[in-house]
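Trainee: I have a model open and would like to practise reading it. Could we go through some labels and ask what stands behind each one?
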Amino acid sequence: MSDFHKYLDKQLQNPDFKKEWDNLEPEYNMIQAIIDARKKSNLTQKELAERTGINQADISKLENGNANPTLAVLKRLADGMGMVLKLEFIPKAKS
């Protein structure tokens, strides 16, 4: 286990930290999904920008968590990667 994961596990024991972590999880998951899909498509940010008409700097901001994409932007990204965007609502786990 990496030092980061050890540190994170310790921090997640703090209820306030865990609450914030859980609140941000959907955003982190979206960011990781964009990065993973782009890499699975064997595309650089520049190539994806050329396919979608979205500025490469804006794609970088999305992947770094410095921008919040609209649904329309997510659809353009998916289309540029030859994929279909799937949005899903999942029931919360019961405590």
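Mentor: Gladly! Bear in mind that this is a predicted model. Let us begin with Asn42, which is exposed, with a relative accessible area of 67%.

Trainee: Why is Asn42 called exposed?

Mentor: The label exposed needs over 50% relative accessible area. Asn42 has 67%, so Asn42 counts as exposed.

Trainee: Where is Asn42 found, and what is its phi?

Mentor: Asn42 is in the loop between helix 2 and helix 3. Its phi is positive, about 55 degrees, although Asn42 is not a glycine. Most residues other than glycine have a negative phi.

Trainee: Let us move to helix 4. Which residues of helix 4 are buried?

Mentor: Helix 4 covers residues 56-63, and Ile59, Leu62 and Glu63 are its buried residues.

Trainee: How do you know that they are on the same side of helix 4?

Mentor: The three cover an arc of only 95 degrees around the axis, which puts them on the same side of helix 4. As general background, an α-helix has 3.6 residues a turn, so residues three or four places apart point the same way.

Trainee: And what do the buried residues of helix 4 pack against?

Mentor: Their partners are helix 2 (15-40), helix 3 (45-52) and helix 5 (71-80).

Trainee: Glu63 has a charged side chain by class. What makes Glu63 count as buried?

Mentor: Buried means under 20% relative accessible area. Glu63, in helix 4, has 9% relative accessibility, so Glu63 counts as buried.

Trainee: What does the side chain of Glu63 make a polar contact with?

Mentor: With the side chain of Arg38, at 2.6 Å. The cut-off for such a pair of N or O atoms is 3.5 Å, so the value of 2.6 Å meets the distance condition. Leaving aside neighbours within four places in sequence, Glu63 is in contact with Ile31, Ile34, Ile35, Arg38 and Gln45.

Trainee: Ser60 is also in helix 4. Why is Ser60 called partly exposed?

Mentor: Ser60 has 21% relative accessibility. Buried would need under 20% and exposed over 50%, so 21% falls in between and Ser60 counts as partly exposed. You can also locate Ser60 by distance: its C-alpha is separated by 15 Å from that of Ala78, 18 residues apart along the chain.

Trainee: What makes Asn55 a cap for helix 4?

Mentor: At the N-terminal end of helix 4, a side-chain oxygen of Asn55 lies 2.7 Å from the backbone nitrogen of Ala57. A polar contact allows 3.5 Å, so the 2.7 Å reach of Asn55 is within the cut-off. Asn55 is found in the loop between helix 3 and helix 4.

Trainee: Is Asn55 buried, exposed or partly exposed?

Mentor: Partly exposed, with a relative accessible area of 46%. That value is not over 50%, so the label exposed does not apply. Asn55 and Gln45 are 10 residues apart in sequence, with 9.1 Å from C-alpha to C-alpha.

Trainee: And what follows helix 4?

Mentor: Gly65, whose phi is positive, near 80 degrees.

Trainee: Now the largest pocket. How much space lies in it, and which residues are closest to its centre?

Mentor: About 690 Å³ of space lies in the largest pocket. Of the 22 lining residues, Met30, Ala33, Leu85, Lys86 and Leu87 are closest to its centre. Helix 2 and helix 5 are the elements that give two or more residues to the lining, and helix 2 gives the most, with 9 residues. By class, the lining has 15 nonpolar, 2 polar and 5 charged residues.

Trainee: Met30 is in helix 2. How do you know that Met30 is partly exposed?

Mentor: Its relative accessible area is 24%. Since 24% lies between 20% and 50%, Met30 counts as partly exposed.

Trainee: Which residues does Met30 touch?

Mentor: Not counting residues up to four places away in sequence, Met30 touches Pro69 and Leu74. Met30 and Leu74 are 44 residues apart in sequence and 9.7 Å apart in space, C-alpha to C-alpha.

Conventions. Residues numbered from 1 in each chain as written. Predicted model: local features only at pLDDT ≥ 70, side-chain atom pairs only at ≥ 80, totals over all residues. Heavy atoms only, no water. Buried < 20%, exposed > 50% of the residue type's maximum accessible area, 1.4 Å probe, protein only. Helix = DSSP H or I, 4+ residues; strand = E, 2+ residues; numbered from the N terminus. Arc of directions from axis to C-beta. Contact = heavy atoms within 4.5 Å. Polar contact = N/O pair within 3.5 Å; in protein donor to acceptor, adjacent residues only side chain to side chain. 1 Å grid on protein atoms, 1.4 Å probe; cavity = no way out; pocket = protein on both sides within 12 Å on 5 of 7 lines; lining within 4 Å. Points joined across faces, edges and corners; volume = space filled by probe spheres on them.
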